[in-house]
Amino acid sequence: MKTQRPIPSDDEHRVLQFRPRPMPSSSVRRGNGTVQPLHAAPEPLDLSRYEQPREEPDDFRHRMLANVAALAFTIALTAIGIWLAVSIADLRRTQDCVLMGRRDCVKITTPHI
């Protein structure tokens, strides 16, 4: 069954002409009629205005030890996640094998004599 689409009219498709905004004048008009000059150029963005003086010097050794501990924790968490994913995939594979009715699903390891 065909869907009926409305017939587009010429009113729906218009090309609008781009008109750039005029350049701002050197003064700004406010609501009460006074004119105030614009600021010449804003100060360059600098992070020095957010700096705060420290009471004690930075402890580089402590910061590096904390970074190493965070890295070790992240690596351990990643390794546990990978091990868990592999274990779940192995269990799923074994369960699928059993549900198909096969008997040789589990690998039996025998000691070497």
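Colleague: To begin with Asp-58, what is its relative accessible area?
Modeller: The model is a predicted one. In this model Asp-58 counts as partly exposed, a class that runs between the limits of 20% and 50%. The value for Asp-58 falls inside those limits, because its relative accessible area is 44%.

Colleague: Which residue forms a salt bridge with Asp-58?
Modeller: A salt bridge needs a side-chain nitrogen of Lys or Arg within 4 Å of a carboxyl oxygen of Asp or Glu. For Asp-58 the closest N and O atoms are 3.0 Å apart. The partner is partly exposed, with a relative accessible area of 40%. The residue that bridges to Asp-58 is Arg-63.

Colleague: How many salt bridges does the protein have by this rule?
Modeller: One of them joins Arg-63 to Asp-58. Another brings together the side chains of Asp-90 and Arg-93, at 3.3 Å from N to O. Asp-104 and Arg-102 also meet in a salt bridge, at 3.6 Å from N to O. By this rule the number of salt bridges is three.

Colleague: Where do Asp-90 and Arg-93 both lie?
Modeller: Along the chain, Asp-90 and Arg-93 are three residues apart, which is about one turn of the helix. Asp-90 is partly exposed at 40% relative accessibility, while Arg-93 is exposed at 54%. The element that holds both spans residues 60-99 and is helix H1.

Colleague: Of Asp-104 and Arg-102, which one counts as exposed?
Modeller: A residue must have over 50% relative accessible area to count as exposed. Arg-102 has 45% relative accessibility, so it is only partly exposed. The other partner has a relative accessible area of 56% and is therefore exposed, namely Asp-104.

Colleague: What pattern does the protein follow along the sequence?
Modeller: The secondary structure comes to one helix and two strands. Read along the sequence, the strands precede the helix, and the pattern is β-β-α.

Colleague: Which residue does a disulfide join to Cys-97?
Modeller: A search of the whole structure finds one disulfide. Its sulfur atoms lie 2.0 Å apart, and a pair within 2.5 Å qualifies. The residue joined to Cys-97 is Cys-105.

Colleague: Is the disulfide of Cys-97 and Cys-105 left-handed or right-handed?
Modeller: The handedness follows from the torsion about the S-S bond. For Cys-97 and Cys-105 this torsion is about -80°, so the disulfide is left-handed.

Colleague: What percentage of the residues of the protein count as buried?
Modeller: Both Cys-97 and Cys-105 are buried, so each has under 20% relative accessible area. The protein exposes about 12,900 Å², and carbon and sulfur atoms supply 60% of that area. Of its 113 residues, the buried share is 2%.

Colleague: What is the volume of the largest pocket?
Modeller: The residues that line the largest pocket include both cysteines of the disulfide, Cys-97 and Cys-105. The lining also includes Asp-90 and Arg-93, whose side chains meet in a salt bridge. By class, the lining has three nonpolar, one polar and three charged residues. The volume of this pocket is about 160 Å³.

Colleague: What distance separates the C-alpha atoms of Arg-93 and Cys-105?
Modeller: Arg-93 and Cys-105 are both among the residues that line the largest pocket. Arg-93 has its place in helix H1, and Cys-105 is 12 residues from Arg-93 along the chain. The C-alpha atoms of Arg-93 and Cys-105 are separated by 8.7 Å.

Conventions. Residues numbered from 1 in each chain as written. Predicted model: local features only at pLDDT ≥ 70, side-chain atom pairs only at ≥ 80, totals over all residues. Heavy atoms only, no water. Buried < 20%, exposed > 50% of the residue type's maximum accessible area, 1.4 Å probe, protein only. Helix = DSSP H or I, 4+ residues; strand = E, 2+ residues; numbered from the N terminus. Areas by Shrake-Rupley, 256 points an atom, 1.4 Å probe, with all protein chains shown as cover. 1 Å grid on protein atoms, 1.4 Å probe; cavity = no way out; pocket = protein on both sides within 12 Å on 5 of 7 lines; lining within 4 Å. Points joined across faces, edges and corners; volume = space filled by probe spheres on them. Nonpolar A, V, L, I, M, F, W, Y, C, P; charged D, E, K, R; others polar.
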